[in-house]
Amino acid sequence: MRPFDYTRAESFESAVATLHDDPTAAVLGGGTTLVDLMKCGVTAPGLLVDLTHLPGHDGIDADASALRVGALATMSEVAVHPQVRRRWPAMSEALLKGASQQLRNMARIGGNLMQRTRCGYFRDPTFAECNKRDPGSGCAALHGENRGHAVLGTSEQCVATFPGDLPVALTAFDAVVHVLGPDGPRVIPIEEFYLLPGDTPWREHPLHPDELITAVEVPASPAAAFSHYLKVRDRVSYEFAAASAAVGLAIGADGRIVDARVALGGVATKPWRERSVEAALIGQPAEPEVFRQAATLAAAGARPLEHNGYKVELARRTVARAFVELAGQR
Ligand SMILES: Cc1cc2nc3c(=O)[nH]c(=O)nc-3n(C[C@H](O)[C@H](O)[C@H](O)COP(=O)(O)OP(=O)(O)OC[C@H]3O[C@@H](n4cnc5c(N)ncnc54)[C@H](O)[C@@H]3O)c2cc1C
């Protein structure tokens, strides 16, 4: 790891000013991604700006219309919050199925949204080809070991999977990300927060280098309140998703679906909303065969690589099973 300077920010505003003045600076949350990548030699900030001690940015507040989570709340705090468990259960499940208890105690929601891909070619600088790490160098995964890579949203420049769980649930339920920059605050819908790799895979989100996440806000809805996160992985804990699905349903008195939500994780370059599956469910009875049929629409346009073709069928089965399990909770 290269030597770096460290400072404790006096406020989010002062942290923004520091980032603005020093392009080598990076903000430090729990450090569970950033310090890891510094040790791997993937990134080498000259200055770490620690936010974690700042008061007033770790709140978890719910009212009738929305949940607002401060950027410094830990994964653990959000996962077990009574309002989150009751009114946004897929968020709680997604958090509890991510990382380990020790990591969740350290990691903050701002850092969680900003976590980087686990692509082995990105994380190991001894591989020369990685457009995310070294723009223009190529993508070793395209013709390398790509069993864990994405089948949706890929490009000729990058096939790295987005690894997070919580952002998948946030995508299903139309969250917005509050950010602060030198020109003041702005709000970014979660679906616009994660960028497709295209020809610029090193640009993963629309944040300017001197902008910070201050909070994430998730609307309340019947579908968010009746929701579920299913994560399928190679081992049952402490593992990233091979495929995951955040699903939600609102079911009318006649037993027919009036609202359906689904987003996929583990199979795409960003959290992947599946609106065609949602549309196919509206007006249908909440029955297993209906879910299985609608789930066949998931992962349309998938572009499998040599080793990850299994993810197309796995994504569809994960969506179907998530809905069946959710409907079974009624
Ligand atoms: C072994 C291991 C297993 C894991 N398994 C999973 C898993 O199964 N599922 C899952 O979802 N995640 C998993 N993770 C990832 C984990 O969730 C993230 O490392 C964590 O959420 C990052 O939060 P942090 O506060 O530690 O961020 P940091 O490491 O401090 O920061 C991460 C990035 O975000 C930036 N940043 C931090 N705060 C802000 C802010 N407020 N505004 C703007 N930028 C900011 C930093 O500069 C840095 O670039 C795993 C991590 C490890 C190490």
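## Sheets, helix packing and ligand shell in a predicted model

Strand S5 (residues 66–70) and S8 pair in the antiparallel sense over 5 bridges. Within this pairing, Ala66 stands opposite Pro219 of S8. The model described here is predicted.

S5 and S8 belong to an open sheet of 5 strands, which has the order S4-S5-S8-S6-S7 and antiparallel pairing. Strand S4 (60–62) and S7 each have a single partner strand, so they stand at the edges, and one side of each is left without a neighbour in the sheet. From one strand to the next, the twist averages 20 degrees. Helix H1 (residues 12–21) packs on this sheet and touches S6 and S8, its direction making about 125 degrees with that of S8.

S8 also pairs with S6: the two run antiparallel and are joined by 5 bridges. Here Val177 has Val216 in S8 as its bridge partner. On to S7 (residues 184–189), strand S6 (residues 176–181) is joined by 6 bridges, again with the strands running antiparallel. S6 and S7 form a hairpin with 2 residues between them, and the bridge partner of Gly181 in S7 is Gly184.

The table lists strand pairs with their bridges and one pair of partner residues for each.

| Strand pair | Sense and bridges | Partner residues |
|---|---|---|
| S5 and S8 | antiparallel, 5 bridges | Ala66 and Pro219 |
| S6 and S8 | antiparallel, 5 bridges | Val177 and Val216 |
| S6 and S7 | antiparallel, 6 bridges | Gly181 and Gly184 |
| S11 and S12 | antiparallel, 2 bridges | Leu264 and Trp272 |

The last row belongs to another sheet. This open sheet of 4 strands has the order S9-S10-S11-S12, with antiparallel pairing. Its edge strands are strand S9 (227–232) and strand S12 (272–273), each of which pairs on one side only. Strand S11 (residues 257–265) and S12 pair over 2 bridges, and Trp272 in S12 is the bridge partner of Leu264. Helix H5 (residues 89–96) packs on the sheet, where it touches S9 and strand S10 (243–251); the direction of H5 makes about 25 degrees with that of S9. Helix H14 (residues 310–327) lies across S9, S10 and S11 and runs at about 35 degrees to S10.

H14 also packs with helix H13 (residues 288–295), at an angle of about 155 degrees and with the axes 8 Å apart. Because that angle is over 145 degrees, H13 counts as roughly antiparallel to H14. The crossing of the two helices is right-handed. On the H13 side, the contact is made by Pro288, Phe291, Arg292 and Ala295, and on the H14 side by Arg316, Val319, Ala320, Phe323 and Val324. By class, the residues of this contact divide into 7 nonpolar, no polar and 2 charged.

The ligand has 30 residues around it, of which Gly29, Gly30, Gly98, Gly110 and Gly111 come nearest. At least two residues of the shell are supplied by each of strand S2 (25–28), helix H2 (34–40), helix H6 (101–106), helix H7 (109–113) and strand S8 (212–219). The shell comprises 16 nonpolar, 11 polar and 3 charged residues. S8 thus appears both in the ligand shell and in the sheet of 5 strands.

Note on methods
Residues are numbered from 1 along each chain as its sequence is written. This is a predicted model: local features need pLDDT of at least 70, side-chain atom pairs count only at pLDDT 80 or more; totals for chains, interfaces and linings use all residues. A residue is near a molecule or strand if its C-beta atom, placed from the backbone, lies within 6 Å of it. Ala, Val, Leu, Ile, Met, Phe, Trp, Tyr, Cys and Pro count as nonpolar, Asp, Glu, Lys and Arg as charged, and the others, Gly among them, as polar. Two strands pair if DSSP finds at least two bridges between them. Two residues are in contact if their C-beta atoms, placed from the backbone, lie within 7 Å. Axes are lines fitted to C-alpha atoms, for helices over the stretch in contact, and angles run from 0 to 180 degrees between N-to-C directions. Angles under 35 degrees count as roughly parallel, over 145 as roughly antiparallel, 65 to 115 as roughly perpendicular and the rest as oblique. A crossing is left-handed if the near helix is turned anticlockwise from the far one by less than a right angle, and right-handed if clockwise.
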